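What follows is a guided reading of a structure, taken step by step from single residues to sheets, cores and domains. Please keep the sequence and the three-dimensional view side by side while reading.

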Amino acid sequence: MVDDTKYKQYLFVTSLIITVVVFCAGTALGWTLDNFKANSLLDVVKQNDLNAESFALESSFIQGFGGDYCTILDERVANLQRNIITTGKDLSSYGGNRKTLQESDFDYLKRKYFLLEARFLLLLQNMEKSCGNKYDVAVFFYKIDDASSLVQGYALDELRRNHSNLIVLSFDKDYVDEPLIGVLLSMYHVTDAPSVVVNGKTLTGYSYPEQIEKFLGNKVNSTSS
Amino acid sequence: MLEILVYVVSFVSLFLAIFWISVLFFEGKKIDENLPDSNYVPTVTMLIPAYNEAETIGSTLKSLLAMNYPKDKLDIIVVANNCIDDTADEVRKIESDNIKLIEVSFDKSKIVNCKAHAQNLALPYAKGELVTVMDADAIVQENALKLIVPIFQDENIGLVASSVKIKDPKSLLEKLQWFEFLSATFIRRLMASFSVLFMTSGAFNVYRKSALEMVGGFDNTTLTEDLDIALHLLQNFKKVQSNLDAVIHVRGMKSFKSFHAQRVRWNRGFFAAMLKYKDMIFNKRYGFLGQFMIPIFFAVPILLVGAVSSIMYSLAANLYKGLAILTEAGRYFMNTPTSLQQSVWTTNMQMLVPTIFLILCGSFILFNAHKYLKETPKYPIAGLLFLTVYQFVLSAYWLVALCYELFGAKKIWRYEQRW
């Protein structure tokens, strides 16, 4: 039987230190993973940024020197669309599990992502003017932690799988840090979330895929790669 | 808030697990050592309170008579308390001069703990220097008493607990209790090696009679007289010990109803005991027991109540949300693929690492419980459930018990319930 107080204290302190070390290891691993996530997302966003810039320059060149503008545009759009979907999903999984210390990183990434989407939206509009209406565009405004918005997101994912020429761009309706969101809300007369703007038509509240499909104009003419 | 609570509970649980592993590491060689035979052979009274135990009392008495303790030093008292079955007849059937039957009858509606009351009624008839209080369904290993008695050579020992195992578990619930009793017995032994044991099983405890008399016997106003008496003895600076090789087999709770009643009673009794002996908490006079063990054992259920309430609220909210999503967009949701990368990214590593470590520590303790209690590994599924789901169920019972206490549910053992 053990009666020595110092010995008991030694065991107590040793156990406490080991426990703290385990928790610190968990926290360190979590932070490392968070940083890794943030960095890899940042890299993707930067890459997307660069692609969008390169695309804009390419468009100017083709318009200036001549070439098959619409074919090149198609490839670019497909590429950008894929990147936007992947980045959006990664950002949402990162956002669901980030820690307080990475709040600013997340905010920066989110803002960058919305700007990328806005730039893409603008490109699509320019493309429509030059090459005609090849793509269906759904601009989706959601609210965080809102069940209806979540359901709408899944419904739009499903639609996107069935309509390869449908491009979905999602924006957090309440994200006030980026003034551009306010501009989009006002432009599309969006007052509540979820709302989906399909080819310019604003649908407020949860919209069933069947309702959205009515406004898709290029159901058969799927051209994206 | 939920996250903080879960962190705190995980931290304390992990700390306790690591602490017991450290104790095992340093004290491993000593914990299953038995004191050698000596000339110390005191008289022992085996006291068995029985309420409608006709089915089991015969086997229990036979196991006592088969013990290798000198018969002239042993007397057995069965207190048949308000029995309406053949308990008394079953006792009379066993012909032995060592057995004495006391039939008592009292108004049970006025007494919270009838078992403690019956024990107190029989105590004056106990002639032994040591008094063993045991359950009427316990089967005692033949050398159990012989292994325990030498520990009482230390004059300060007031109580020695035995190793309690579940007999022949059949159902999953019984198997889970088998694991629980095994690990609890082992942890109790580790606590005893550190002189901080204050929770014993009431199935087979040996007391020094003078110590029992000093504290005025058992408290029949509490739901857990075994916990109460251990704390009472410790409060009076008596020591509590245990022995791993003195093995007793008891029946597990077969139905969820009886399991539920037992757990609520244990946990309510624990809260009441902590409040009753609150002067021991953080009291330097009680050394490591008062400064560390009792406070941490008191804090854990309170933290668990908070954590379980928050988790349940969160689960209910998410379930509601999940159902709404599935109802509205079930097929889209199911069709949405989730990549491995996303799964990793959404994992809370800060919580996952300590949780994995905690499960590993729990497995290590359970493995050693098997080793020291000479059990071969069995029931793998029940073992896995014991380390995971069952812990949550046990935690939830703290919340249930607290609700019973707060809403003033009457403290009484159900008449139809076994001790």
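Leaving aside residues up to four places away in sequence, B:Gly58 touches B:Glu90, B:Lys93 and B:Ile94. The model is a predicted one, and the contacts described here are to be read with that in mind. B:Gly58 belongs to helix 2 of chain B, which runs over residues 57–65. This glycine has 15 other C-beta atoms within 10 Å and is therefore classed as partly exposed, since a residue is called buried at 20 or more such neighbours and exposed at 12 or fewer. A residue of the same chain that is far along the sequence can serve as a reference point: B:Asn368 is 310 residues from B:Gly58 in sequence, and the two C-alpha atoms are 34 Å apart in space.

From here the path leads to the sheet of chain B. Eight strands make up an open sheet with mixed pairing, and their order is 3-2-1-4-7-6-8-5. Strand 3 (99–104) and strand 5 (139–140) of chain B are the edge strands, each of them pairing on one side only. Within the sheet, strand 1 (residues 44–50) of chain B runs parallel to strand 2 (residues 74–81) of chain B, and seven bridges join the two. One of the residues to look at is B:Ile48, whose bridge partner in strand 2 of chain B is B:Val78.

How do the residues of strand 1 of chain B point, and are they buried or exposed? B:Val44, B:Met46, B:Ile48 and B:Ala50 point one way, B:Thr45, B:Leu47 and B:Pro49 point the other way, and all are buried. In a regular strand, side chains alternate between the two faces of the sheet. Because seven of the seven residues of strand 1 of chain B are buried, this strand is largely enclosed by the rest of the structure.

Several of these residues return when the nonpolar cores are considered. The largest nonpolar core holds 117 residues, and the members that touch the most others are B:Ile48, B:Ala50, B:Val78, B:Ile148, B:Phe198, B:Ala230 and B:Ile248. Helix 1 (residues 2–31) of chain B contributes the most to this core, giving 10 residues. A second core, separate from that one, has 38 residues, among them A:Tyr154, A:Val190, A:Val196 and A:Ile212. To return to the largest core, B:Ala230 is in contact with B:Leu159, B:Phe198, B:Met199, B:Thr200 and B:Val240, if neighbours within four places in sequence are left aside.

A helix of chain B shows how burial can be divided between two sides. In helix 13 (residues 380–387) of chain B, B:Ala382, B:Gly383 and B:Phe386 are buried. Viewed down the axis of helix 13 of chain B, the buried residues fall within an arc of 105°, so they line one face of the helix. An α-helix has 3.6 residues a turn, so residues three or four places apart point the same way. On the other side of helix 13 of chain B, B:Pro380 and B:Ile381 are exposed, whereas the cover over its buried residues includes helix 6 (172–193) and helix 14 (389–406) of chain B.

Two loop residues of chain B have an unusual backbone angle to note. B:Asp168, although not a glycine, has a positive phi of about 40°, and this residue is found in the loop between strand 6 (157–166) and helix 6 of chain B. With 9 other C-beta atoms within 10 Å, B:Asp168 is exposed. B:Phe282 is likewise not a glycine and has a positive phi of about 60°; its place is in the loop between helix 9 (256–276) and helix 10 (287–335) of chain B. B:Phe282 counts as exposed because 12 C-beta neighbours lie inside 10 Å.

The last part of the reading concerns chain A. Chain A is divided into domain 1 (8–132) and domain 2 (133–225), whose centres, taken over C-alpha atoms, are separated by 20 Å. Their contact takes 18 residues from domain 1 of chain A and 17 residues from domain 2 of chain A. On the side of domain 1 of chain A that touches domain 2 of chain A, helix 2 (69–96) and helix 3 (103–131) of chain A are the elements giving two or more residues, and helix 3 of chain A supplies the largest share, 11 residues. The residues on this side of domain 1 of chain A comprise nine nonpolar, three polar and six charged. Elsewhere in chain A, a cis peptide bond with omega of about 5° joins A:Ala193 and A:Pro194, and A:Pro194 lies in the loop between helix 5 (179–187) and strand 3 (195–198) of chain A.

Definitions and conventions: Residues are numbered from 1 along each chain as its sequence is written. Chains are lettered from A and ligands numbered from 1 in the order in which they are written. This is a predicted model: local features need pLDDT of at least 70, side-chain atom pairs count only at pLDDT 80 or more; totals for chains, interfaces and linings use all residues. A nonpolar core is a set of buried Ala, Val, Leu, Ile, Met, Phe, Trp, Tyr and Cys residues joined through C-beta atoms within 7 Å. Helices (H or I, at least four residues) and strands (E, at least two) are DSSP runs, numbered from the N terminus. Two residues are in contact if their C-beta atoms, placed from the backbone, lie within 7 Å. Domain bounds come from an automatic or database domain assignment. Ala, Val, Leu, Ile, Met, Phe, Trp, Tyr, Cys and Pro count as nonpolar, Asp, Glu, Lys and Arg as charged, and the others, Gly among them, as polar. The arc is that of the directions from the helix axis to the C-beta atoms. Two strands pair if DSSP finds at least two bridges between them.
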